[in-house]
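Please read the following report alongside the sequence and the coordinates. It takes up the sheets, the nonpolar cores and the pockets in turn.

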Amino acid sequence: MEQLCYETLEKAGYTGYLLKNAPERVLQFGEGNFLRAFADYWFDMANEKAGWNGKCVLVQPIAQGLTQLINRQEGLYTLYLRGRQNGEKVDAKRVISSVSRCLNPYEKQDYDAMMDVAAGEALEYIVSNTTEAGIVYDPSCRLEDCPPASFPAKLTQVLLHRWRAGRPGVVVLSCELIDNNGKELLRCVNQYIKQWGLEEGFARWVNGDCTFCSTLVDRIVPGRIRDAAEAARLEDENGYRDALIDVGEVFGVWNIEGPEWLAGKLPFRAAGLNCPVVPDVTPYKKRKVRILNGAHTGFVPGAYLAGYDIVRDCMQDDVILGFMNRMLHEEVIPTLPLDRQDLEAFAAAVQDRFNNPFINHELMSITLNSTSKWRARNMPSLLEYAQTAGKLPPCLAMSFAAYIAFYSSDIQALTEQGLVCRRPKGNEYTVSDDRWVLEFYYSRRGVSDETLVHDVMTNEKMWGQDLTLVPGFEQAAAENLRRIRTEGARAAFAACLARPAV
């Protein structure tokens, strides 16, 4: 069977959308699964639906990468978008043709080619996803390095080369999962401008003519197909070998912080894609953290104690699903500063995303570091609801008790791997968190539930404040924990659904 390339598709009589030749308008730092299922998909759709007519040049950010594979397949790869949309199962296949080539800047020839793209007339966008550790200022990087170790230093070189070629500024779309990613990237570039003693005119061009955008990306990308039998079946169906098959969920949104003119310049709106340009992505990050991530942290510890292991299975339980939806729609959404209809639609999509038949998302993987997660994802919603409504949100209050129950269910031992507990189903499980958190719970394994709740809630290192000062919260937490212990987590969730806010 032949490897995927344009000639192979032509021989096979492929009738899907392809764009073989187009100007190289994007320089993308990052060639991994996520960007290929996300940004490169967006640009591919823009080519088909909006006639954008552009290609992406990928740059391998570290010395090891996919350059040879990508170039062997002429930038082509098969993307499967899988999941549920509006309650319906979706399994869509698309050959992505928005990538022209990939460069490895650790080889001199490719480094020079990267600079040629930087100085090219067609270049409009620079996209990056170099992981959370990618946007860092490394003072050991020098202007003459070929290439420098850090991504911001590479970017500074690229921009300097473009400026010296007399080209206009570019739009920089940072996709790294850190707060204010675009602003942080620009800050690092300015540090290199100062460290390397570069021209004031270049500094003005970077800060005035270039547009650094903080963005919020949201799409789960499992990546490669891990089941060998399924991979072989798909290869037979496709009629070609593809070493770069990628898999992402159907849902996807790209919130981009930028000026109003950018919405018209980007080709995504014309292509009908979910890619709003907004003056500030902060509310959208809050939406994602409080709704999507908050849903996970809110129901998963209790669902695990109730005997479940996979997120999708929880969505088939009317009690757990009802608990999650009430928490989101009645308790979390009222605390958020965006349009109610937008928030409701996002929350509705969460149910589809969690019910994805193609992803076995284990509950135990979600429980990692639940203390800091509950503090960041759920506590703000509970506090804001309590302050504005003058009463406790019952589901969020129950989720706190479920968190405590998960960390203290029949504690067996404290090992190097974590805190070993046993759930009512009978099996042991290991809680993973900061060592001091695990030691705190282990040291209180013999106290009453009331004492445990009090000690947890007054631990300001955990929460940044004394939670017993929230009216009625300590009593509710103790009662909820007692109910989880005696009746089980599922029954506690059901009781929570049956009663109004208190």
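The report that follows describes a predicted model, beginning with its strands.

## The eight-stranded sheet

Eight strands make up an open sheet with mixed pairing, and their order is β5-β2-β1-β6-β7-β8-β10-β11. At its edges stand β5 (99-103) and β11 (277-278), each of which pairs on one side only.

Within this sheet, strand β1 (residues 24-29) runs parallel to strand β2 (residues 55-59), the two being paired over five bridges, and F29 has V59 as its bridge partner in β2. β1 is also joined to β6 by four bridges, again in the parallel sense, with Q28 standing opposite V127 of β6. From β6 the parallel pairing continues to strand β7 (residues 171-174) through four bridges, where V172 of β7 is the bridge partner of I126.

In a regular strand the side chains alternate between the two faces of the sheet. Strand β6 (residues 125-128) can be read in these terms, since Y125 and V127 point one way while I126 and S128 point the other way. Residues on both sides of this strand are buried, namely Y125, V127, I126 and S128.

## The three-stranded sheet

Three strands form an open sheet in the order β12-β13-β14, and their pairing is antiparallel. Because β12 (413-414) and β14 (428-431) stand at the edges with a single partner strand each, one side of each is left without a neighbour in the sheet. Strand β13 (residues 419-422) pairs with β14 over four antiparallel bridges, and C421 has Y429 of β14 as its bridge partner.

## Nonpolar cores

The largest nonpolar core contains 80 residues, and those with the most contacts inside it are I291, F299, F400, Y441, V456 and F473. Helix α18 (residues 394-408) gives the most to this core, contributing 12 residues. When residues up to four places away in sequence are not counted, F400 touches W374, V456, M457, W463, L467, F473 and A477.

A second core, separate from the one just described, has 37 residues, including V99, V171, L173 and C213.

## The largest pocket

What is the volume of the largest pocket? The computed value is about 1100 Å³, and the pocket is lined by 35 residues, of which E132, L177, V217, K288 and N293 lie nearest its centre. The elements that give two or more residues to this lining are α2 (33-37), β8 (211-218), α11 (282-305), α15 (363-366) and α16 (370-377).

Helix α11 gives the most to the lining of the largest pocket, with seven residues. Divided by class, the lining of this pocket has 13 nonpolar, 12 polar and 10 charged residues.

## The second largest pocket

The second largest pocket has a volume of about 570 Å³. It is lined by 27 residues, and the closest to its centre are Q85, F251, G252, N274 and A349. At least two residues of the lining come from each of α3 (39-50), β3 (77-85), β10 (253-257), α11 and α14 (340-354).

Which element gives the most to the lining of the second largest pocket? That element is α14, with seven residues. By class, the residues of this lining divide into 14 nonpolar, six polar and seven charged. Helix α11 thus appears among the contributors to the largest pocket and also among those to the second largest pocket.

Notes:
Residues are numbered from 1 along each chain as its sequence is written. This is a predicted model: local features need pLDDT of at least 70, side-chain atom pairs count only at pLDDT 80 or more; totals for chains, interfaces and linings use all residues. Side-chain values use heavy atoms; hydrogens and water are left out. Two strands pair if DSSP finds at least two bridges between them. On a 1 Å grid over the protein atoms alone, a cavity is a set of points where a 1.4 Å probe fits but cannot get out, and a pocket is an open set with protein on both sides within 12 Å along at least five of seven lines; lining residues have an atom within 4 Å of a point. Grid points are joined across faces, edges and corners, and a volume is the space filled by probe spheres set on the points. Ala, Val, Leu, Ile, Met, Phe, Trp, Tyr, Cys and Pro count as nonpolar, Asp, Glu, Lys and Arg as charged, and the others, Gly among them, as polar. A nonpolar core is a set of buried Ala, Val, Leu, Ile, Met, Phe, Trp, Tyr and Cys residues joined through side-chain atoms within 4.5 Å. Buried means under 20% relative accessible area, exposed over 50%, partly exposed in between (1.4 Å probe, protein chains only). Contact means heavy atoms within 4.5 Å.
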